[in-house]
Amino acid sequence: MEVLSNIASGKAHGKIILIGEHSVVHNEPAIAIPFTSANVEVTIEKLYGETTIESIYHTGKIKDAPVELNNLIETLKAVCDYFDTSIENLHITINSNIPAERGMGSSAAVATALVRALFHTFETDLSDELLYQFVSISENIAHGNPSGLDAKVVSSTDSIFYVKNKNADFFKLDLPGYLVVADTGQKGATGEAVTDVGRLVADRKTGAKQLVSGLGDLANQARRFIETKDLERLGEILDQAQNNLRQLTVSNDKLDFLIRTAKDNGALGAKLTGGGRGGCMIALVDKADRAQQLTEAFLEAGASKTWIHPLGENINVK
Ligand code: MEV
C-alpha cells in the first residue's frame with residue numbers, strides 16, 4: 001500500500017478508442033487501448049481544516065471549486081460516505097498530462113486516480129468492481145450517458161473488447177505497427193455529441209441506426225484482424241469507421257484535415273478517437289520511420305501535439 005508518511009497517492013492513464021466510440025453507447029462492441037504516455041497522479045495529504053484541491057481548474061477550498069470539478073467532488077463525497085467520514089481534512093493535488101476534453105479519457109482517469117488515492121488514504125484495498133462504481137458516479141456527471149468503456153480502460157494495462165453491460169474481454173494487444181495520435185488542439189464535446197447521436201438514432205428517417213450497427217460490425221471485424229495481425233485490413237476498417245462517424249456528425253473540419261493528411265502520408269487507416277467534434281485522431285502505420293514522418297506532417301498541418309504509440313510489446317519508438 002502506497003502510504004508515505006501521511007501522503008497517499010493513486011494513478012491512472014489515458015485511453016485510445018481504436019474503434020466503436022458512440023456506437024458503444026448503443027450496445028455495439030468497441031475496442032480500446034490503455035494510453036500510458038498520458039497519465040495522472042492524485043496525491044492526498046491529511047491536514048486539519050477544510051478540504052482543498054490543487055488542479056488546472058482550481059486551487060483552493062473545494063467549496064469554491066467551479067462546476068468543472070463537480071464530478072470529482074461528488075465522487076469524493078461518495079467515497080467519504082462509504083467510509084462514513086466527513087469530506088474535511090484533506091489536501092488533494094491532481095497532476096495530469098492527459099489533455100483534458102480531447103477524447104483521451106481524462107475525466108475517467110482523474111476520477112480513477114482520486115478514488116485509488118482515497119482508498120490508500122483510508123488504508124483499504126479497492127476491488128475493480130468498487131472502483132468502477134465510484135468512477136461511474138463521476139462519468140455520469142461529466143458525460144451524461146457514458147457506456148462505461150473509459151472507466152474500464154483507464155485503470156487497466158490491457159486492451160479491452162467491450163460491450164456495455166455485457167462483457168469486457170481484456171487482452172494484450174500485439175501488432176507489428178504503430179498508432180500515431182494527433183491532438184487537434186480543440187476541446188471535444190463528448191456529452192453534446194453523445195446526445196446528438198442519440199437523437200439521430202431515435203429518428204428512424206436519418207439512417208443513423210444503420211450507421212451505428214455498421215460500426216458494431218466493423219469493431220467485430222477489427223477484432224478478427226487484430227487476432228490475425230492483418231494491419232492492412234485493420235487500416236481499411238478504421239477508414240470505414242471514420243466514414244460512419246462523419247455521417248453521424250461527430251467529426252469536424254480539423255479532424256477531417258488531419259485524417260486526410262494521414263492518408264496522404266501513407267497511413268493504413270485513420271479516424272477520430274473518443275467523443276469527436278475536436279479532440280484527437282489516430283492513424284495506423286506499419287513502420288517506425290513512417291510514424292515519425294507522420295508526426296511531422298501532423299504538426300505542419302496544425303496539430304497541437306502528437307504521440308507515437310507502439311502496438312506491440314517488442315517494438316519501440318525509433
Ligand atoms: C468517449 O470517450 C466515448 C464515447 O463512446 C462515449 C462513451 O462511450 O461513453 C463517445
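## N243 and helix 7

N243 is partly exposed in this predicted model. Its relative accessible area is 38%. That value falls between the 20% limit for buried and the 50% limit for exposed, so N243 takes the middle class. The residue belongs to helix 7, which covers residues 231-247.

How far apart in space are N243 and T93? The C-alpha to C-alpha distance is 41 Å. In sequence, 150 residues separate N243 and T93.

## Strands 10 and 11

Strand 10 covers residues 269-273. Five of its five residues are buried, so the rest of the structure largely encloses strand 10. Its partner is strand 11, residues 280-285. The two run antiparallel and are joined by five bridges.

Within this pairing, K271 stands opposite I282 of strand 11. Strand 10 and strand 11 form a hairpin with six residues between the strands. In that hairpin, G274 adopts a positive phi near 90°.

## Aromatic pairs

The model has seven aromatic pairs. One of them joins F35 and W307. Their ring centres lie 5.7 Å apart, with the planes at 80°. An angle over 60 degrees counts as edge-to-face, so this pair gets that label. F35 sits in strand 3 (residues 30-46) and W307 in strand 12 (residues 305-310). The pair therefore ties together parts that are 272 residues apart in sequence. Are these two residues buried or exposed? Both F35 and W307 are buried.

Another pair is F83 with F122. The ring centres are 4.5 Å apart and the planes meet at 35°, so the pair is tilted. The contact links distant parts of the chain, 39 residues apart. F83 lies in the loop between helix 1 (70-82) and strand 6 (90-96). F122 lies in the loop between helix 2 (106-121) and helix 3 (128-143). F83 has 21% relative accessibility and so counts as partly exposed. F122 is also partly exposed, at 24%. F83 and F122 belong to a cluster linked by ring pairs, together with Y82, F119 and F134.

## Charges over rings

Which residue lies over the face of Y132? It is K152, at 4.1 Å from the ring centre. R223 takes up such a position over F161. Here the distance to the ring centre is 3.9 Å.

## Largest pocket

The largest pocket holds about 1,000 Å³ of space. Its lining counts 48 residues. E101, S106, S107, A142 and H143 are the closest to the pocket centre. Several elements each give two or more residues to this lining. They are strand 2 (7-19), helix 1, strand 6, helix 2, helix 3, helix 4 (149-153) and helix 5 (190-202).

How does the lining divide by class? It has 20 nonpolar and 20 polar residues, plus eight charged ones.

## Second largest pocket

The second largest pocket has a volume of about 280 Å³. Its lining has 14 residues. Nearest its centre are P34, T157, L173, H309 and P310. Strand 3 and strand 12 each supply at least two lining residues. Strand 3 gives the most, with three. These are the strands that carry the edge-to-face pair of F35 and W307.

By class, the lining of the second largest pocket has six nonpolar, five polar and three charged residues.

## The cavity

Rolling a probe the size of a water molecule over the atoms shows where empty space is left. How many cavities of 30 Å³ or more does the model hold? The count is one. The largest cavity has a volume of about 30 Å³.

Its lining is made up of I53, L72, I73, L76, I92, I94 and L114. Helix 1 and strand 6 each supply at least two of the lining residues. Helix 1 gives the most, with three. By class, the cavity lining has seven nonpolar residues, with no polar and no charged ones. Helix 1 and strand 6 also appear among the elements that give two or more residues to the lining of the largest pocket.

Methods
Residues numbered from 1 in each chain as written. Predicted model: local features only at pLDDT ≥ 70, side-chain atom pairs only at ≥ 80, totals over all residues. Heavy atoms only, no water. Buried < 20%, exposed > 50% of the residue type's maximum accessible area, 1.4 Å probe, protein only. Helix = DSSP H or I, 4+ residues; strand = E, 2+ residues; numbered from the N terminus. Pairing = 2+ DSSP bridges. Phe/Tyr/Trp six-rings, centres within 6.5 Å; stacked < 30°, edge-to-face > 60°. Lys NZ or Arg CZ within 6 Å of the ring centre and 35° of its normal. 1 Å grid on protein atoms, 1.4 Å probe; cavity = no way out; pocket = protein on both sides within 12 Å on 5 of 7 lines; lining within 4 Å. Points joined across faces, edges and corners; volume = space filled by probe spheres on them. Nonpolar A, V, L, I, M, F, W, Y, C, P; charged D, E, K, R; others polar.
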